[in-house]
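Let's walk through this model together, from one small helix to the DNA strands and then to the protein interior. Keep the structure open beside you as you read.

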2 protein chains.
Amino acid sequence: MAVTIRDVALQAQVSVSTVSRALSAPGLVKEATRQRVLDVVAGLGYQPNRAARSLITGRTGNLGIVVPDLLNPFFPSVLRGVQTKAGEAGTSVFFCDSREDPDTEAELVRTMAAQVDGVVLCASLLSDDTIVELAAMTPLVLINRIVPGVSSVLMDSASGMDQVVAHLESLGHEDYTYLGGPAAAWSNGRRIQGLAGRARLLGSFEPNFNGGYAAAEQALGTGATALICYNDLIALGALAYLAAHDVKVPEQISVTGFDDILYATMCSPALTTVHMPTEAAGEVAVDLLASLLDGGPAEHRELPTTLVVRASTTRRPGA
Amino acid sequence: MAVTIRDVALQAQVSVSTVSRALSAPGLVKEATRQRVLDVVAGLGYQPNRAARSLITGRTGNLGIVVPDLLNPFFPSVLRGVQTKAGEAGTSVFFCDSREDPDTEAELVRTMAAQVDGVVLCASLLSDDTIVELAAMTPLVLINRIVPGVSSVLMDSASGMDQVVAHLESLGHEDYTYLGGPAAAWSNGRRIQGLAGRARLLGSFEPNFNGGYAAAEQALGTGATALICYNDLIALGALAYLAAHDVKVPEQISVTGFDDILYATMCSPALTTVHMPTEAAGEVAVDLLASLLDGGPAEHRELPTTLVVRASTTRRPGA
DNA sequence: TTGAAAGCGCTAACAA
DNA sequence: TTGTTAGCGCTTTCAA
């Protein structure tokens, strides 16, 4: 077996409790003793057994994150933020992908709950009630979702959408269609709010490339001069459909996305979209979780979004 | 506190050992007893404490994966495969992103080692020696890397590269340039092997969009009629550079990628690239890890790659 | 087929 | 400032 706290105690000629304290409550040990212990620890390469520690403290030192779709670049970026912040605190992170399925999502959170100190739930498709129930089971922080009494961090969709519409109107557009995401997605509702009735609503579509391709097909008949998409993946799908049908973007029709994933810069035309501070959101979520674990109250943070104007939007044809 | 094994024992009127056996060694318990225990377990919603179990068995029921860059869509896809397979066995997965830094990578594996049953190391930038050392510390499975004595699963780059070159030659190309990835990346060496001296070598470049943009700038002077890129992200960067400088792809110059990330279908022109079975690789890695944990020997698996011809390649100009 | 009891490695009273 | 000791919740001998 690996080296235990007793080996360290023996070699440092102190009791196990002194070793334990030297490591986790340095203030309670005489400096000289502490140094001796630390030397032995380093020499032996001792690493405390997390299971044993966890058994006593009730803390695991782990946290979990569940996202709807790892293949949407939006989410790995959130993961990265979570890992960065958690890593600083020596916390490890479990991940899970619910594949856009609410039942799987709830199941995953329940499973995780047993082995983490808390979980970050991203773009949840669950009902408010289920979320509240889950939050009673384990410290929970929501990303891009608001449920009363549950901590959350929001990348402000409504304001982002507002910027999109303002941008299109400044270009003379008057008739635009919103290609909506999943009905169960809270962000979708939020974006529709941001539209404030100023757009024709279509959808719901799957929030991925194929969904966008299908969406564009439906949208083309509406006579809209601009397509506002639920997210970049849908926008990219729409772009592909339009290209395949010789509809020029942005000359004939403008297209906007949401999220500002890496691809939004790479595609052609580059996508006008709303930038979301994904990594920052992940980091803030970890902070909120930490404050929850310290016994703090549920908190809500809002992160600003910014419209990034690229090549997929231009003046309304004939305007 | 949560419900413990004693609560179950009490209510089922058996000893704790019987409960334990009913749960983890059903054969050793009379069927009727077992059923009674199971009923109580369900009724109470009992979940065994993993820390306590782990303390005794020495197994954590967790595994870890470290990848160089979560923002490269190639890796989330591997993650997904790992999670899928691990989830089936009730195993949870820790993830870490090394940000393309070998020191960080080694550090992450060492940290993980203490709290997982094994780790999957993806596209490692470490030296063979370090990897061997790590493998002595914890069960280890490599993805896209071969080190003698260490389990690994390979998506066959050399053959993929061979297909790329054969494809270009069938289109009449004679002069092509390879835009290389990181020198420390084993896959890069492997791909160069696959080229078998048939291409001009340029690089190394960062394996991302910016790297590709810079790479194309250098490559344009070489007079090559085709650019073979280390990965799709580099190819995408190259595409962007070429578009910005009015070089028509594929009319003036053909471009190929590697990995077949989702975006390779979405870009314009859609990218001719080598499809990598990423999710499958993740799943196989988990299998290999499991066999390692069962005391099996280090194994090596190779997964086939296939060239996917899309719109970014065509006949050599003037051919 | 079952139960009693001894720990796994650690932390946290409680004493000294 | 340090040591002694009693468990945390579970699995696994060993006996019955």
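In helix α2 of chain A, the buried residues are A:Thr18, A:Val19 and A:Ala22. Viewed down the axis of α2(A), these buried residues fall within an arc of 100°, so they line one face of the helix. A general point about helices helps here: an α-helix has 3.6 residues a turn, so residues three or four places apart point the same way. The cover over the buried residues of α2(A) includes α1 (5-12) and α3 (31-44) of chain A. Please bear in mind that this is a predicted model.

**The DNA strands**

Which residues come nearest to DNA strand D? Of the 24 residues around that strand, they are A:Ser17, A:Thr33, A:Ile56, B:Ile5 and B:Tyr46. For DNA strand C, which also has 24 residues around it, the nearest are A:Ile5, A:Tyr46, B:Thr18, B:Thr33 and B:Ile56.

Some of the polar contacts with the two strands are set out here.

| Protein side | DNA side | Distance |
|---|---|---|
| A:Ser17, side-chain N or O atom | strand D, base oxygen | 2.9 Å |
| B:Ile5, backbone N or O atom | strand D, phosphate oxygen | 2.4 Å |
| B:Ala52, polar backbone atom | strand D, base nitrogen | 3.3 Å |
| A:Ile5, polar backbone atom | strand C, phosphate oxygen | 2.4 Å |
| A:Tyr46, polar side-chain atom | strand C, phosphate oxygen | 2.5 Å |
| B:Arg21, polar side-chain atom | strand C, base nitrogen | 2.7 Å |

Two or more residues of the surface near DNA strand C come from each of α2 and α4 of chain A and α2 and α4 of chain B. The largest share of that surface, four residues, is supplied by α4(A). Near DNA strand D, the elements giving two or more residues are α2 (16-24) and α4 (50-57) of chain A, along with α2 (16-24) and α4 (50-57) of chain B. There α4(B) gives the most, with four residues.

What part of each strand meets the protein? In DNA strand D, 57% of the atoms within 4 Å of the protein belong to sugar or phosphate, and the rest to bases. In DNA strand C, sugar or phosphate accounts for 62% of such atoms, with bases making up the rest. By class, the surface near DNA strand D has twelve nonpolar, eight polar and four charged residues. The surface near DNA strand C likewise has twelve nonpolar, eight polar and four charged residues.

**The nonpolar cores**

Moving inside, the largest nonpolar core has 143 residues. Those with the most contacts inside it are A:Ile65, A:Leu179, A:Leu236, B:Ile65, B:Leu179, B:Leu236 and B:Tyr263. Helix α11 (residues 232-244) of chain A gives the largest share of this core, nine residues. Apart from this core lies another, of 34 residues, among them A:Val66, A:Ala106, A:Val119 and B:Leu126.

What does B:Leu236 touch, leaving aside residues up to four places away in sequence? Its contacts are A:Met266, B:Phe209, B:Ile261, B:Tyr263, B:Cys267 and B:Leu271.

**A leucine in helix α13**

A last stop is A:Leu292, found in helix α13 (residues 278-293) of chain A. Is A:Leu292 buried or exposed? A:Leu292 has a relative accessible area of 18%, and the cut-off for buried is under 20%, so A:Leu292 counts as buried. Not counting residues up to four places away in sequence, A:Leu292 touches A:Pro139, A:Leu140, A:Val141, A:Ser151, A:Pro297 and A:Ala298. One of these, A:Ser151, is 141 residues from A:Leu292 along the chain, yet their C-alpha atoms are separated by 8.3 Å.

Definitions and conventions:
Residues are numbered from 1 along each chain as its sequence is written. Chains are lettered from A and ligands numbered from 1 in the order in which they are written. This is a predicted model: local features need pLDDT of at least 70, side-chain atom pairs count only at pLDDT 80 or more; totals for chains, interfaces and linings use all residues. Side-chain values use heavy atoms; hydrogens and water are left out. A nonpolar core is a set of buried Ala, Val, Leu, Ile, Met, Phe, Trp, Tyr and Cys residues joined through side-chain atoms within 4.5 Å. Buried means under 20% relative accessible area, exposed over 50%, partly exposed in between (1.4 Å probe, protein chains only). Contact means heavy atoms within 4.5 Å. A residue is near a molecule or strand if one of its heavy atoms lies within 4 Å of it. A polar contact is a pair of N or O atoms within 3.5 Å; within protein, one must be able to donate a hydrogen and the other to accept it, and residues adjacent in sequence count only if both atoms are side-chain atoms. Ala, Val, Leu, Ile, Met, Phe, Trp, Tyr, Cys and Pro count as nonpolar, Asp, Glu, Lys and Arg as charged, and the others, Gly among them, as polar. The arc is that of the directions from the helix axis to the C-beta atoms.
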